[in-house]
Structures are given as C-alpha cells and as structure tokens.
Amino acid sequence: MGKSRKLVVVALGGNAFQSKGDRGTPQEYWANAYKAAEFISKLIEEEYNIVVTHGNGPQVGIIAEWMMLGMKQKDIPPMTLDIAGAMSQGWLGYLLQQSLYNKLKEKGLFGSRVKGVVTIVTQTIVKSDDPAFKDPTKYIGPWYDKEEADKLSRELGWVFKPDPRGGYRRVVPSPDPVIQVEIDAIKKLVEDGYVVIADGGGGIPVVLNEKGMLSGVEAVIDKDLGAERMASALKANILLILTDIDKAYLNYGTPQQKPLDVLKASEALEYYKQGHFKPGSMGPKILAGIRFVQNGGELAIIAHLENAYEALKGKTGTRIIPG
C-alpha cells in the first residue's frame with residue numbers, strides 16, 4: 001500500500017511543541033501538536049507517505065530538572081540520559097500520535113490511504129570511539145552556580161562547563177549517528193500504509209559491543225543528523241527540516257545577511273566549511289541536507305514550521321539539490 005507515493009521525512013523542530021513565550025503547559029503542548037498534525041495530514045491528503053521525527057532538547061532538559069529536584073528533595077536516584085531520551089520519545093510521540101490520529105479521522109483518511117499512526121521508541125547506533133565522547137559540548141538541563149556544579153561533578157561524574165548565557169550547565173557528548181536499530185520495522189510499517197513517528201530527538205544513543213549487543217550511552221544526538229540517517233536508509237524522496245527560521249542565510253544576523261533559496265549540495269558544503277552556519281543552530285540542518293542529497297535523496301528543504309506546506313511547494317525556505 002502506498003509504495004508508489006513519494007516519501008517525505010518531516011523533521012519537526014523543538015518549536016513544534018513549545019513555542020517562545022509558552023510556559024510548557026499540557027494545553028500548550030496539545031495546541032502546538034495539533035498545528036503540526038494539521039500540516040502533516042494535509043500532506044497525506046495529497047498522496048505523500050510520511051515519516052515524522054522531532055526534536056526533544058527542551059523536554060530532555062525538563063526531564064533532567066525533574067530528576068534533579070527528585071534527587072535533592074526525596075532522594076530519588078536520577079535516571080541516565082538514554083532513559084531520559086526514551087521518556088521524551090514516549091511523551092512527544094504520544095502527543096503527535098493522538099493529534100494525527102484525530103486529524104486523519106476528521107478528514108476521513110483512514111482505510112483507503114492510512115492504516116494507522118504509530119510511534120516507535122527508536123535506538124540510534126553511534127560509534128564508541130566517536131571524538132565527541134572526549135569533548136562533550138551539548139548543554140542540557142538547568143543552570144547551577146560553580147559550587148553546585150562541582151558537587152554534582154564529584155557525586156555523579158557529570159561534566160559541567162560555563163554556559164555563554166551565564167552559570168554552569170551539564171554538557172554531554174553529541175556523537176554522529178550511524179543508523180537506527182529499528183529501521184527495518186519503520187520501513188515495513190511505511191510500506192504497509194502506516195504514518196510512523198520515529199527517532200525522536202535523534203534517537204536514543206546506543207553502542208554495539210564486540211558481540212553485537214546494545215547498551216545506552218550518556219549522550220544526545222542531533223535530531224537533524226538523525227533524521228538524515230533515517231531518511232537516507234528509507235530511501236525517502238524529500239527531507240523536510242522545520243524550524244523557527246524561514247530559511248538559511250549567509251552572514252546571518254549582520255547587515256550583509258543574504259537569503260539562500262536554492263543550493264547545490266557542493267555549494268552548501270563550501271559555505272558550511274567556510275563557517276557560515278552556526279554549529280548549534282543552522283549548521284546541523286545544512287549538513288543533514290547535504291548528506292541526504294549526496295546519499296541519493298531528491299531534495300532537502302529547510303523552512304519555518306508555519307510555512308511548511310508552502311516550502312514543500314517551492315514557495316519559501318532553502319532547498320538543497322544534488323550537484
């Protein structure tokens with residue numbers, strides 16, 4: 001079912017769940033999830049097959065803070081970061097799964113076009129010798145003063161660094177993703193007519209030992225790079241990366257900024273090497289787009305969540321094409 005339709009991997013940014021100014025209430029989460037579901041259901045109406053992935057940075061930070069409060073107030077041991085990532089996949093997957101289900105039901109799309117909506121708790125393999133493990137850079141969780149950070153470092157072995165915005169925060173490795181463990185299951189579900197939500201937050205980072213056994217590691221994978229690995233493995237036609245910026249720019253934030261509408265992969269790579277795209281924001285999105293088209297994808301698009309449909313139709317956003 002649906003094998004002849006184009007496959008789009010939709011990578012939702014953190015703003016898909018918690019916009020600027022939101023307090024993070026359940027009502028706000030549901031409202032934002034339904035906005036995303038409206039757009040995704042529109043694509044399904046137009047005969048696209050869809051796999052959805054999403055960021056989880058704010059939510060992993062919230063979970064880490066809950067854990068810290070529990071440890072301080074009730075002596076509840078904190079969970080490891082891979083478990084926190086799994087928790088966020090269930091949390092956000094549930095929101096999207098129910099929102100999409102209801103939207104598809106409302107539009108009468110079950111049966112002929114869609115069999116169901118399913119969330120897969122996804123593990124993503126990373127290499128145990130990835131250089132990122134020796135230089136943790138990804139900030140997560142709440143802010144501490146130096147005394148608190150030193151105490152937690154001694155007690156738990158966590159690494160802290162000064163945050164440019166003030167205070168100290170825990171930093172964890174952000175290794176490059178290799179492949180999703182559950183990729184064959186995702187592929188089979190798509191072929192059978194399901195809308196799949198998978199690889200949330202870039203996936204739960206796991207490593208393989210010499211016997212081929214899996215174990216989780218204390219790390220956070222970039223969700224856009226994870227989305228590319230999944231999209232390439234699925235042989236998707238389009239990778240649609242949605243964020244809170246309308247497109248990529250050269251010299252972003254300066255009087256000389258220049259919007260980028262269409263880029264060949266070779267041009268995008270040259271700009272990337274020149275340092276035009278910041279590592280914590282646009283950099284991974286551009287790199288994901290480059291990798292996707294280099295690995296056989298037709299088109300990668302970077303666009304604002306609110307303009308997602310227009311971007312897919314070529315009216316806005318940055319498009320990375322082969323060449």
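In the predicted model, Lys6 has a relative accessibility of 39% and therefore counts as partly exposed, since that class lies between the limits of 20% for buried and 50% for exposed residues. The side chain of Lys6 meets that of Glu298 in a salt bridge, with a distance of 3.0 Å from N to O. This pair links distant parts of the chain, Lys6 belonging to the segment before β1 (7-12) and Glu298 to the loop between α8 and β16 (299-304), with 292 residues separating them. Glu298, at 38% relative accessibility, is likewise classed as partly exposed.

The contact between Lys6 and Glu298 is one of 19 salt bridges found in a search of the whole structure. Side chains of opposite charge can pair when their charged atoms come close. Another such contact is formed by Glu106 and Lys103, for which the closest N and O atoms are 3.6 Å apart, a separation that qualifies because the cut-off is 4 Å. Both Glu106 and Lys103 are located in helix α3, and they are three residues apart, which corresponds to about one turn of the helix. The two partners nevertheless fall into opposite classes of accessibility, because Glu106 has a relative accessible area of 60% and is exposed, whereas Lys103, with a relative accessible area of 14%, is buried. Salt bridges that share partners join Lys103 and Glu106 with Glu38, Glu45 and Lys107 into one network. A further salt bridge brings together the side chains of Asp163 and Arg169, at 3.2 Å from N to O, and in this case both Asp163 and Arg169 are buried.

Helix α3 (residues 81-106) also contains Ile83, which contributes to a nonpolar patch on the surface. This patch is formed by Met79, Ile83 and Met87, which together have about 240 Å² of accessible area. Ile83 has a relative accessible area of 34% and is accordingly partly exposed; this value satisfies the requirement of over 30% relative accessible area for members of a patch.

The packing of helices was examined for two pairs. The axes of helix α2 (residues 57-74) and α3 come within 9 Å of each other and cross at roughly 120 degrees, and the two helices are therefore oblique to each other, because an angle of this value lies outside the range of 65 to 115 degrees assigned to roughly perpendicular pairs and is not over 145 degrees, the limit for roughly antiparallel ones. The crossing in which α2 passes α3 is right-handed. Helix α7 (residues 265-273) packs with helix α8 (residues 282-294) at an angle of about 150 degrees, and the axes of these two helices are 10 Å apart. The helices α7 and α8 are therefore roughly antiparallel to each other, and α7 passes α8 in a left-handed crossing.

Among the strands, β5 (residues 138-144) contains Ile140. The relative accessibility of Ile140 is 7%, and this residue therefore counts as buried, the limit for that class being under 20%. Although Ile140 and Val220 are 80 residues apart in sequence, their C-alpha atoms are separated by 8.9 Å in space.

How values were computed: Residues are numbered from 1 along each chain as its sequence is written. This is a predicted model: local features need pLDDT of at least 70, side-chain atom pairs count only at pLDDT 80 or more; totals for chains, interfaces and linings use all residues. Side-chain values use heavy atoms; hydrogens and water are left out. Patches are made of residues with over 30% relative accessible area and no salt bridge: like charges are joined within 9 Å, nonpolar side chains (Val, Leu, Ile, Met, Phe, Trp, Tyr) within 5 Å. Accessible areas come from the Shrake-Rupley method with a 1.4 Å probe; for residues, only the protein chains shown count as cover. Helices (H or I, at least four residues) and strands (E, at least two) are DSSP runs, numbered from the N terminus. Buried means under 20% relative accessible area, exposed over 50%, partly exposed in between (1.4 Å probe, protein chains only). Axes are lines fitted to C-alpha atoms, for helices over the stretch in contact, and angles run from 0 to 180 degrees between N-to-C directions. Angles under 35 degrees count as roughly parallel, over 145 as roughly antiparallel, 65 to 115 as roughly perpendicular and the rest as oblique. A crossing is left-handed if the near helix is turned anticlockwise from the far one by less than a right angle, and right-handed if clockwise.
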